[in-house]
Amino acid sequence: MTVKESRVFYLNQQTEGLPNVELGEPNSTFRLVTEELQPLKENEVLVKSLYFSNDPLQLGWIRKASYENAGIRRIFPGEPMGGFGLGQVIESTADQYKPGDIVNGALNWADYSIVKAGALTGKIPDSSLPLTTSLSTIGLTGLTGYFGIYGQVKEGDTVIVSAASGATGLVAVQVAKALGCRVVGITGSDEKCKFVVGLGADACVNYNDPELIEKLKQALGEKGTCDFFYDTVGGELLDKVMTLMTKNGLILVVGAISGFKDVTKMYVKNWPQVIASRLTIKGFIVSDYLHKVEEARVNLTKWIQEGKIRNDSSVLNVIDLTEESKFADIPKAWALILDENKKPGKVLTKLADPE
Ligand SMILES: NC(=O)c1ccc[n+]([C@@H]2O[C@H](COP(=O)([O-])OP(=O)(O)OC[C@H]3O[C@@H](n4cnc5c(N)ncnc54)[C@H](OP(=O)(O)O)[C@@H]3O)[C@@H](O)[C@H]2O)c1
């Protein structure tokens, strides 16, 4: 093995609210250690980290409280912290990977991870698309936006997308437009609304606007009601949008980001509206659709090439930590997704270029 050691982030303690991403404090969420790399066992791969995907989902993995049977990953104190990432194979005892391959999958927050071959999603196919596509537009978040819309809506539907400037929302907006829907985004600022309209949405409304419901109604056009709500926010916003649903409309519950700081904020109170409007509320987890990833890849690639889906730097926020001394900032780069002032787009952390 040519590489002898790696810097690795471990979970120091689980969080109740937001994580403390400072290092070396009594309540630090993470700790950084340098450790020796062990020789590879059978069917293992040594991967050099290139990019990490920063996802709100990871907060659920390290939280004290979680949902029973939700099937979500958990990370406990003393275990390496990680997430979805893109890396380059340095050494492999697995038949399907060889040094130099670019792979994605579950990687530790480390310079190098030793992973079981099964923890990798696969090699990045040769493509004219930028490498980062496999962590953004055709990564977990892009696929969430895709499967949250494709097969769920029909041409001519009125669709509302919440958190529309975020990584999943921005893809959901564009897929719904590509399928011929009238699309209205919701975000937390007028500036972000401009971004969403720039993606092709017919309209976008700032959820802080005191006339939110009236403006959404207008934005829905002649119909004035919403056939399909792609929701990643929950709580008060969901309560409000429920009043705008078409009779027999469908609400796809993809996330509940309003409860990330305080879980009580994600609770829904407008239950009678579900009865009055005969609504269907459907929970969604992207991993249920993995058998259709190839089809999604083909469609998304075609739409990117046709200019219907943006896949350039305007939908990415790349935090560059390639400088050796910046490695310790990995938790801070991740925590940007929990910041109220998060910029539009998918947040990625860059550690290195492929060799
Ligand atoms: N079910 C699944 O399979 C699946 C898969 C991936 C992600 N998700 C979920 O989808 C959600 C979005 O993920 P993402 O990767 O798109 O995140 P992201 O890129 O970090 O974007 C999240 C957006 O949420 C908005 N937001 C944050 N707090 C809010 C609040 N209190 N009220 C309203 N909007 C708020 C922010 O924009 P504003 O300026 O608009 O507030 C932010 O841009 C998360 O809840 C995540 O867990 C679910």
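The following questions and answers treat the ligand shell and one sheet of a predicted model. Local features need pLDDT of at least 70, side-chain atom pairs count only at pLDDT 80 or more, and totals for chains, interfaces and linings use all residues. Residues are numbered from 1 along each chain as its sequence is written, and side-chain values use heavy atoms, with hydrogens and water left out.

Q: What makes the pair formed by Lys-192 and the ligand a polar contact?
A: A polar contact is a pair of N or O atoms within 3.5 Å. A polar side-chain atom of Lys-192 is 2.6 Å from a ligand oxygen atom, so the pair meets that limit.

Q: Which backbone atoms lie 2.8 Å from a nitrogen atom of the ligand?
A: A backbone N or O atom of Val-254 lies at that distance. The protein covers 87% of the 920 Å² of accessible area that the ligand has on its own (Shrake-Rupley method, 1.4 Å probe).

Q: How do the residues of the shell around the ligand divide?
A: They comprise twelve nonpolar, eleven polar and two charged residues. Asp, Glu, Lys and Arg count as charged, so Lys-192, which is among the residues that come nearest to the ligand, belongs to the charged class.

Q: Why do β10 and β13 stand at the edges of the sheet?
A: The open sheet has six strands in the order β10-β9-β8-β11-β12-β13, with parallel pairing. β10 (203–206) and β13 (280–283) each have a single partner strand, so one side of each lacks a neighbour in the sheet.

Q: What makes β11 and β12 a pair?
A: Two strands pair if DSSP finds at least two bridges between them. Strands β11 (residues 226–231) and β12 (residues 245–253) have five bridges in the parallel sense, so the criterion is met. Phe-228 has Leu-250 in β12 as its bridge partner.

Technical notes. Near = heavy atom within 4 Å. Polar contact = N/O pair within 3.5 Å; in protein donor to acceptor, adjacent residues only side chain to side chain. Helix = DSSP H or I, 4+ residues; strand = E, 2+ residues; numbered from the N terminus.
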